[in-house]
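Open the model in your viewer and keep the sequence panel beside it. The stops below say what to select next and what is there.

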Amino acid sequence: MPSRLLPIRAPFLTKPTALRFAKHMASNTGKKLIQIDVSSDTVCPWCFVGKKNLEKAMEQTMDKFDFEVRWHPFFLNPDAPKEGVKKSDFYKTKFGPVQFERATARMREMFRGLGFEYDMSGLTGNTMDSHRLITLAGHQGYDKQNALVDELFVSYFCQGKYIGDRQVLMDAARKVGIEGAEELLLDPSKGVDEVKEELNKYSSGISGVPHFVINGKYQLSGGQPPNIFMRAFETAAKDAAE
């Protein structure tokens with residue numbers, strides 16, 4: 001995983017968004033505001049690792065910065081079946097038995113280091129419904145959206161729940177207070193166009209996740225350790241002050 005902090009020129013830094021980034025407005029606390037756009041898929045374990053490391057970095061720098069984290073869709077397996085398939089079988093077929101065992105052992109080690117148990121039981125499959133729900137949550141506040149992403153990650157990676165199960169999604173939405181989740185999930189077409197727009201706007205130019213864009217200018221990829229994120233915050237804040 002690369003640890004270089006790379007400046008980017010991205011098409012989504014136009015119109016009102018570019019103006020916000022150009023101003024780099026300070027929050028009402030007087031701290032510098034760090035805005036983080038995350039492209040992620042809800043079946044990507046490195047996205048869970050990256051999220052937890054990002055949160056550690058935010059906790060360690062909250063005396064200097066305020067944060068706004070926004071989640072955007074990415075599809076690792078866009079043609080994955082809606083009905084779901086056994087998680088272990090899917091990854092054994094994709095990577096081969098030996099690589100599957102190595103990758104699973106590595107992820108178990110990574111998760112335990114974060115205080116979680118990596119669970120390979122249950123199903124995997126299409127993630128469109130989870131992205132529809134995450135996009136809906138974003139309209140109700142990025143804190144709610146972030147909490148929902150956490151609930152979905154824990155359900156899928158640590159509890160063996162299927163990310164495409166409507167009840168699992170509604171339970172997660174209810175737990176963090178997302179309104180309109182049931183109405184959204186009962187209509188399979190509702191919110192799909194917005195997910196596709198988000199995908200095109202934020203994730204069309206990348207090949208893997210997690211992918212982080214900080215203050216619209218600096219990008220990081222992979223489950224980076226907290227110190228790399230902290231370095232990125234400092235660089236972005238310094239750039240804003242110039």
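Select Asp165 and Gln167, at the start of helix 7. In this predicted model, a side-chain oxygen of Asp165 comes to within 2.8 Å of the backbone nitrogen of Gln167. Now run along the helix, residues 166-176. Val168, Leu169, Met170, Ala172, Ala173 and Val176 are buried here. Residues three or four places apart on an α-helix point the same way, because each turn takes 3.6 residues. What do the buried residues of helix 7 pack against? Show helix 5 (128-138), helix 6 (142-158) and helix 8 (181-186): these are the partners. Past the end of helix 7, stop at Gly177. Its phi is positive, near 85 degrees.

**Aromatic pairs**

Next, colour the aromatic side chains. The whole structure holds 16 aromatic pairs. Start with Tyr156 and Phe157. Their ring centres lie 4.9 Å apart and their planes stand at 80 degrees, so this pair is edge-to-face. Are Tyr156 and Phe157 buried or exposed? Both Tyr156 and Phe157 are buried.

Move to Phe212 and Phe229, another edge-to-face pair, with 4.9 Å centre to centre and 80 degrees between the planes. Phe212 sits in strand 6 (residues 211-214) and Phe229 in helix 10 (residues 226-241), so the pair ties together parts 17 residues apart in sequence. Phe212 has 1% relative accessibility and counts as buried. Phe229, at 0%, counts as buried too.

Now select Phe48, Trp71, Phe111, Phe116, Tyr118, Phe153, Tyr156 and Phe157 together. These residues form one aromatic cluster.

**Cavities**

Keep Trp71 and Phe153 on screen; both also line the largest cavity. Add Ser40, Asp41, Thr42, His72, Pro73, His131, Ile134 and Val149 to complete that lining. The space inside is about 50 Å³. How many cavities of 30 Å³ or more are there? The count is two. Strand 3 (65-73), helix 5 and helix 6 each give two or more residues to the lining of the largest cavity. Strand 3 has the largest share, three residues. By type, the lining of this cavity has five nonpolar residues, four polar and one charged.

**The largest pocket**

Turn on the surface and go to the largest pocket, with a volume of about 420 Å³. It is lined by 22 residues, and the closest to its centre are Pro45, Tyr91, Phe95, Ala103 and Met107. Helix 2 (45-60), helix 3 (87-95), helix 4 (97-113) and helix 6 each supply at least two lining residues. Which helix has the largest share of the lining of the largest pocket? Helix 4 does, with six residues. Colour the lining of the largest pocket by type: 15 residues are nonpolar, four polar and three charged.

**The second largest pocket**

Finish at the second largest pocket, about 250 Å³ in volume. Centre the view on His72, His139, Tyr142, Glu198 and Tyr202, the closest to its centre of the 15 lining residues. Strand 3, helix 5, helix 6 and helix 9 (192-203) each give two or more residues to this lining. Helix 9 gives the most, five residues. Colour by type once again: the lining of the second largest pocket has seven charged residues, five polar and three nonpolar. His72 is worth a last click, as one of the residues that line the largest cavity and one of those closest to the centre of the second largest pocket.

Conventions. Residues numbered from 1 in each chain as written. Predicted model: local features only at pLDDT ≥ 70, side-chain atom pairs only at ≥ 80, totals over all residues. Heavy atoms only, no water. Buried < 20%, exposed > 50% of the residue type's maximum accessible area, 1.4 Å probe, protein only. Helix = DSSP H or I, 4+ residues; strand = E, 2+ residues; numbered from the N terminus. Contact = heavy atoms within 4.5 Å. Polar contact = N/O pair within 3.5 Å; in protein donor to acceptor, adjacent residues only side chain to side chain. 1 Å grid on protein atoms, 1.4 Å probe; cavity = no way out; pocket = protein on both sides within 12 Å on 5 of 7 lines; lining within 4 Å. Points joined across faces, edges and corners; volume = space filled by probe spheres on them. Nonpolar A, V, L, I, M, F, W, Y, C, P; charged D, E, K, R; others polar. Phe/Tyr/Trp six-rings, centres within 6.5 Å; stacked < 30°, edge-to-face > 60°.
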